[in-house]
Amino acid sequence: MCSVKLNEGIYWVGAIDWNIRNFHGYSTHRGTTYNAFLIVDEKVALIDTVKAPFFPDMLRRIREIVDPANIDYVISNHVEMDHSGSLPMMMKEAKNAQLYTTAKFGEAGLKKHFNLDCSMVPVKEGSELTLGKRKLVFVPIPMLHWPDSMVTYSVNDEILFSSDAFGQHLATSQRFDDEVDAAVIMQEAAKYYANILMLFGHLIPPAIEKLSTLSIKTIAPDHGIIWRKDPGKIITAYTDWSSWKTKNKALIIYDTMWHSTEKMALAIEDGLFGEGVEIKSFNLTAADKSDVVTDVLDAKALIIGSPTLNNGMFPSVAQFLCYLRGLKPKGKIGAVFGSYGWGGGASKAITQEMEAIGIQLVEPELTIKWVPEEAELSQCIELGRRIAAKMK
Ligand code: FEO
């Protein structure tokens, strides 16, 4: 049996994507899953579907339990195609099913994506659906991740089908939090939050407040493992992340052309050493921007450097800052460093970008000409020490 039982009459019928390494622009080193859930009561409901190429996997799992033609309701918690891609095919199998989605954005989104010819039921905050002995309640959580997003709560099972919220891009043959290394789960949960939800951090506390009225035994997101042992752990993590709680952690993020900026980065690192600061250093030619952003989540200081190329910053640094700007991190302090040959320009461009992001620059730009000399490297060390002091 390839489906997995969550509770009496409730099954995971999703798909495992072992090989995806880029999920709409962010790296997924460990693959992902598209979770769909089947509830068999007097009526049968399917919550979400899977990315289109994985439809046969989901259908096979559903068929282990019921004839798809007997599905009465398909609930679309989220329009994005990693969850709705199989809907057109699913609705052909579940010929008599009604499709539940959020009023306005869900309805409009599904129509525009798929031009579906089926009965669609729009739901709002608190709308309910009785399946027999079970009652489902729908709670919209707009922008977590799209305007249409909602969660579905099974009152009798105390299971929250949470859509994108609380997920992780993590492909495993195990389905539950007590079956997978906790450090791996939390690392992927943080990466998922940083790259997908950081921008919407201000919407997390009201969403959690809304969900706090529900008694939740299990959180079943649409990606990764299901939180059955400790659902409070991921709610606490979301509370911390959305409150921009930081560690005494500094990131040195840079690229280099002829190793001058790299020498500066190493000297700044020397200055931070021994000051009780956790340090991570990323050369953007080697580092993955999605991983760097994951570390940004709980870092206090961002120290960003670049050589000057064509009167501006290195393309890798520009790309990273563009990505970071979109995610709108808050509560960070920062500094800028770099090298140049004649005209310069990289440090000024980085400063402008960091100011636009809202990073509080606590030091003047440190820029050196050509190759740093000992005295200039000492300035870098001092810069690291001063930033460490300002982090306290
Ligand atoms: Fe997993 Fe916003 O889709």
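Two helix axes count as oblique when their angle is neither under 35 degrees, nor over 145, nor from 65 to 115. That cut-off helps with one helix pair in this predicted model: the axes of α5 and α7 cross at roughly 40°, so the two helices are oblique to each other. Here's a quick tour of that pair, the nonpolar cores and one arginine.

**Where α5 meets α7**
- Helix α5 covers residues 182-197, helix α7 covers residues 231-242, and their axes come within 11 Å.
- The crossing of α5 past α7 is right-handed.
- On the α5 side, the contact includes Met 186, Ala 189 and Tyr 193, while α7 brings in residues including Ile 234, Tyr 238 and Trp 241.
- Sorted by class, that contact has 11 nonpolar residues, one polar and one charged.

**The nonpolar cores**
- The largest nonpolar core holds 62 residues, and among those with the most contacts inside it are Phe 166, Ile 234, Trp 241 and Phe 320.
- Helix α5 gives this core its largest share, 10 residues.
- Looking past its neighbours within four places in sequence, Ile 234 is in contact with Phe 166, Met 186, Ala 189, Ile 219, Trp 227 and Trp 241.
- There's also a second, separate core of 30 residues, with Phe 54, Leu 59, Ile 71 and Leu 87 included.

**A look at Arg 30**
- You'll find Arg 30 in the loop between β5 (26-27) and β6 (32-34).
- Its relative accessibility is 31%, so Arg 30 counts as partly exposed.
- Not counting residues up to four places away in sequence, Arg 30 touches several residues, including Arg 21, His 169, Val 184 and Glu 188.
- Arg 61 sits 31 residues from Arg 30 along the chain, and their C-alpha atoms are separated by 23 Å.

Technical notes: Residues numbered from 1 in each chain as written. Predicted model: local features only at pLDDT ≥ 70, side-chain atom pairs only at ≥ 80, totals over all residues. Heavy atoms only, no water. Core = buried A, V, L, I, M, F, W, Y, C linked by side-chain atoms within 4.5 Å. Buried < 20%, exposed > 50% of the residue type's maximum accessible area, 1.4 Å probe, protein only. Helix = DSSP H or I, 4+ residues; strand = E, 2+ residues; numbered from the N terminus. Contact = heavy atoms within 4.5 Å. Axes fitted to C-alpha atoms, helices over the stretch in contact; angles between N-to-C directions. Left-handed = near helix turned anticlockwise from the far one by under 90°. Nonpolar A, V, L, I, M, F, W, Y, C, P; charged D, E, K, R; others polar.
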